[in-house]
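Reader: Please take one part of this model and examine it closely, beginning with its surface and working inward. I would then like to see how that part relates to the rest of the chain.

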Amino acid sequence: MALMVVKFDLKKRVKLAQTVWFMYWFAVLAGILLLSLGLFFKIELRKRSELMDNNESHFLPNLLIIMGLIACGINAFGGKVCYDSLDPLKFVKWKTVLKPFLVFCVVFNALLLVTALFCFVMRIPLQFTLAEGLKNGMKYYKDSDTPGRCYMKRTLDLMQMEFRCCGNDNYRDWFEIQWVSNRYLDFSAKEVKDRIGSNVDGQYLMDGVPFSCCNPGSPRPCIQQQMTNNSAHYSYDHYTEELNVWKRGCRDALLSYYGGIMNTIGALVVLISVTVGLQYVQSSLSSLANPEDVESESEGFLLEKSVKETFTDIMTKMKTMGKGVKVEEGGEEGIATRE
């Protein structure tokens with residue numbers, strides 16, 4: 001027994017075909033948008049690739065680009081079929097390819113759901129990638145003369161100003177690394193000697209942050225040096241006073257930014273396919289009471305049989321295909337033995 005049967009006359013079939021045709025071209029636009037967002041996401045990740053701990057973060061944008069291209073192709077084909085279905089004589093040429101096409105659409109829909117799921121769950125590995133990448137990037141902030149790291153300072157400064165953030169988790173992360181290059185330190189100065197001598201690794205650590213951490217909206221001039229030394233600044237107490245540097249860590253800021261992009265794309269992905277509509281178009285035209293009379297009534301359905309019977313048929317076909325492969329292999333071995 002067919003599942004979700006709907007009766008159609010000519011007027012209803014034309015309305016169905018026109019509606020599904022419109023939805024397919026809307027899905028083509030959604031596919032183009034998905035492709036564009038995938039490219040945009042890839043460019044955004046590439047811009048800050050120095051701050052990523054690995055290349056696995058590019059898996060998702062690559063997948064989105066591929067899915068966007070496939071979506072454009074299959075939805076454009078579906079739109080063409082719906083347009084031709086307005087004339088049953090033109091529709092005949094598509095009848096042989098529609099069933100395989102619909103099966104491919106079902107598989108593609110499943111892949112779309114997996115892609116959407118990836119968009120929502122990739123936030124977790126991205127968090128660890130950013131945490132490790134930012135940590136390493138901050139260590140190389142001072143190495144502006146080292147090949148391969150020349151632009152790390154610029155990248156971090158631009159990121160902190162653009163996303164209004166400071167450090168990895170917060171501004172205190174800068175206290176734990178030497179971010180000032182040795183070329184700008186006066187090693188004859190007592191203060192420099194004391195700081196280097198007091199550190200086991202011989203690094204010049206200080207309670208300060210780069211200028212890019214400063215909040216330009218603060219009424220007070222930025223205090224970025226000796227931030228924990230109250231006596232170094234007039235009317236200042238770092239425990240109680242609002243610091244005029246960004247409090248938010250860059251990992252959290254970037255994660256919110258990329259997470260927002262991925263959530264938007266994940267919601268878009270589920271809007272791309274309109275396979276159900278095409279199935280009704282195909283079944284309603286295939287079941288015309290009189291194929292030569294376009295005004296005759298017909299029945300459209302979602303599945304030709306019940307879900308249970310459809311599943312049983314699929315499993316039976318798969319088993320038959322498996323047995324066929326085994327028979328062929330056995331036959332080949334028998335022929336080889338006789339030879």
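Author: Helix α1 (residues 10-47) supplies five residues, the largest share of the nonpolar patch. Helices (H or I, at least four residues) and strands (E, at least two) are DSSP runs, numbered from the N terminus. The model is predicted, so local features need pLDDT of at least 70 and side-chain atom pairs count only at pLDDT 80 or more, whereas totals for chains, interfaces and linings use all residues. Residues are numbered from 1 along each chain as its sequence is written, and side-chain values use heavy atoms, with hydrogens and water left out.

The patch lies on the surface and consists of Trp21, Phe22, Met23, Trp25, Phe26, Tyr83 and Leu86, which together have about 730 Å² of accessible area. Such areas come from the Shrake-Rupley method with a 1.4 Å probe, and for residues only the protein chains shown count as cover. Patches are made of residues with over 30% relative accessible area and no salt bridge; like charges are joined within 9 Å, and nonpolar side chains (Val, Leu, Ile, Met, Phe, Trp, Tyr) within 5 Å. Tryptophan 25 is found in helix α1. Its relative accessibility is 35%, and therefore tryptophan 25 counts as partly exposed. In these terms, buried means under 20% relative accessible area, exposed means over 50%, and partly exposed lies in between (1.4 Å probe, protein chains only).

The record adds a further view of this region. The UniProt annotation "transmembrane region", from an unreviewed entry, covers residues 20-41, 62-81, 101-121 and 257-281. UniProt positions are given in the numbering used here, feature names are shortened, and annotations may be inferred rather than shown by experiment. Residues 20-41 are 100% helix and 0% strand in the model, with end C-alpha atoms 30 Å apart. Residues 101-121 are likewise 100% helix and 0% strand, and their end C-alpha atoms lie 30 Å apart.

Charged contacts appear at residues 44 and 47 of the chain. Lysine 47 forms a salt bridge with glutamate 44, the closest N and O atoms being 3.1 Å apart; a salt bridge is a side-chain nitrogen of Lys or Arg within 4 Å of a carboxyl oxygen of Asp or Glu. Because lysine 47 and glutamate 44 are three residues apart in helix α1, about one helical turn separates them. An α-helix has 3.6 residues a turn, so residues three or four places apart point the same way. The two partners differ in exposure: glutamate 44 is buried, with a relative accessible area of 5%, while lysine 47 counts as partly exposed at 48%.

By the salt-bridge rule the count comes to nine. One of the others joins lysine 142 to aspartate 143 at 3.8 Å, N to O. Lysine 142 is partly exposed at 21% relative accessible area, and aspartate 143 is buried at 16%. Another links lysine 190 and aspartate 194, whose closest N and O atoms are 2.8 Å apart. Both residues lie in helix α7 (residues 190-197), four residues apart, about one turn of the helix. Lysine 190 is exposed at 62% relative accessibility, and aspartate 194 is partly exposed at 41%. Salt bridges that share partners also join Glu44, Lys47, Arg48 and Glu162 into one network.

Turning to the interior, leucine 156 lies in helix α6 and is buried at 1% relative accessibility. Not counting residues up to four places away in sequence, leucine 156 touches Leu51, Leu134, Gly137, Met138, Tyr141 and Trp174; contact means heavy atoms within 4.5 Å. Among the buried residues of α5 are Leu134, Gly137 and Met138, and the buried residues of α5 pack against α6 (152-163) and α8 (250-269). The 17 residues of α5 (residues 123-139) should span 24 Å at 1.5 Å a residue, which agrees with end C-alpha atoms 24 Å apart. The 20 residues of α8 should span 28 Å, and the end C-alpha atoms are indeed 28 Å apart. The expected span is 1.5 Å times one less than the number of residues in the helix. The buried residues of α8 include Leu254, Tyr258, Met262 and Ile265.

Finally, the whole chain. It has ten helices and two strands, in the order β-α-α-α-α-α-α-α-α-α-β-α from the N terminus. Of its 339 residues, 40% count as buried. Its accessible surface comes to about 19,800 Å², of which 62% belongs to carbon and sulfur atoms.
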